[in-house]
Amino acid sequence: MLKTIIAAVLLVLGACAGINHLPEGDSPGAQLVREKCTVCHGQPHPTRHTAPEWGHYIALMETHMKTKGIAFSSEEKEIVLDYLQRNASK
Ligand code: HEC
């Protein structure tokens, strides 16, 4: 019984770690993505889009954030965009 519970807990922890795994996990870019990009939807992974696509999406997200009154400074935008493009799908 105990073994089953431990196995279940490990499975859940493992699944969570998988979802939250970002490349360069401790970098300012990854931290900003975790902080700012999860307010309205799930955490976007950098490999979800190519570098040019990220340019498009970040501009779009900036508009969404303005509409919602969520602070997103130009420095933050630059760090996030740089981070996403560096780790984007090829
Ligand atoms: C203010 C709310 C809000 C915030 C904050 C936000 N988004 Fe979005 N995002 C949306 C909405 C709404 C959509 C649905 C598509 C649309 O209407 O533009 C979306 C869609 C997307 C998409 C396209 C669909 C997909 O999953 O590939 C990407 C990529 C994305 N967001 C990335 C980001 C990133 C990166 C950040 C952080 C910089 C971010 N979002 C922060 C509202 C937000």
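Here are some worked exercises on the model shown above.

A quick note before starting: this is a predicted model, so local features need pLDDT of at least 70 and side-chain atom pairs count only at pLDDT 80 or more, while totals for chains, interfaces and linings use all residues. Residue numbers run from 1 along each chain as its sequence is written.

**Exercise 1. Work out the overall fold.**

Step 1: list the elements. The protein has 4 helices and 0 strands, where helices (H or I, at least four residues) and strands (E, at least two) are DSSP runs numbered from the N terminus. In sequence order the pattern reads α-α-α-α.

Step 2: check how much is buried. Of the 90 residues, 10% are buried. Here, buried means that 20 or more other C-beta atoms lie within 10 Å of the residue's own, exposed means 12 or fewer, and partly exposed is in between, with C-beta atoms placed from the backbone.

Step 3: look at the contacts. Take the contacts with a separation of 6 or more: 67% of them join residues 24 or more positions apart. A contact means two C-beta atoms, placed from the backbone, within 7 Å.

**Exercise 2. Compare the spans of H3 and H4 with their expected values.**

Step 1: get the rule. The expected span is 1.5 Å times one less than the number of residues.

Step 2: apply it to H3. With 18 residues, H3 should span 26 Å, and its end C-alpha atoms are 25 Å apart, which agrees. Just after H3 comes glycine 69, with a positive phi of about 70°.

Step 3: apply it to H4. This helix has 13 residues and reaches 18 Å from first C-alpha to last, close to the 18 Å expected.

**Exercise 3. Find the buried faces of H2 and H4.**

Step 1: start with H2 (residues 28-36), where Gly29, Ala30 and Val33 are buried. Viewed down the axis of H2, these buried residues fall within an arc of 100°, so they line one face of the helix. The arc is taken over the directions from the helix axis to the C-beta atoms. Helix H4 (74-86) is among what covers the buried residues of H2.

Step 2: do the same for H4. Its buried residues are Val80, Tyr83 and Leu84. They fall within an arc of 95° seen down the axis of H4, so they too line one face. Those buried residues pack against H2 and H3.

Step 3: turn H4 around. The face turned away from its buried side carries the exposed residues Ser74, Glu75 and Glu78.

Step 4: zoom in on a contact set. Leaving aside neighbours within four places in sequence, tyrosine 83 touches Ser27, Gly29, Ala30 and Val33, in the sense of contact above.

**Exercise 4. Identify the largest nonpolar core and place tryptophan 54 in it.**

Step 1: name the members. The largest nonpolar core has 6 residues: Ala30, Val33, Trp54, Val80, Tyr83 and Leu84. Such a core is a set of buried Ala, Val, Leu, Ile, Met, Phe, Trp, Tyr and Cys residues joined through C-beta atoms within 7 Å.

Step 2: see who contributes. H2 and H4 each supply at least two residues of this core, and H4 gives the most, with 3 residues.

Step 3: look at tryptophan 54, which sits in helix H3. Tryptophan 54 counts as buried because 24 other C-beta atoms lie within 10 Å. Beyond neighbours within four places in sequence, its contacts are His49, Leu81, Leu84, Gln85 and Ala88. The C-alpha atoms of tryptophan 54 and leucine 84 are separated by 6.9 Å, although the two are 30 residues apart along the chain.

**Exercise 5. Classify leucine 32 and glutamate 24.**

Step 1: take leucine 32, in helix H2. With 18 other C-beta atoms within 10 Å, leucine 32 is partly exposed. Apart from neighbours within four places in sequence, leucine 32 is in contact with Glu76, Ile79 and Val80.

Step 2: take glutamate 24, in the loop between helix H1 (2-20) and H2. Glutamate 24 has 13 C-beta neighbours inside 10 Å and therefore counts as partly exposed. Its phi is near 50°, a positive value in a residue other than glycine.

**Exercise 6. Describe the shell around the ligand.**

Step 1: pick out the nearest residues. Of the 17 residues around the ligand, Cys37, Cys40, Met61, His64 and Lys68 come nearest. A residue is near if its C-beta atom, placed from the backbone, lies within 6 Å of the molecule.

Step 2: find the main contributor. Helix H3 (residues 51-68) provides the largest share of the shell, 7 residues.
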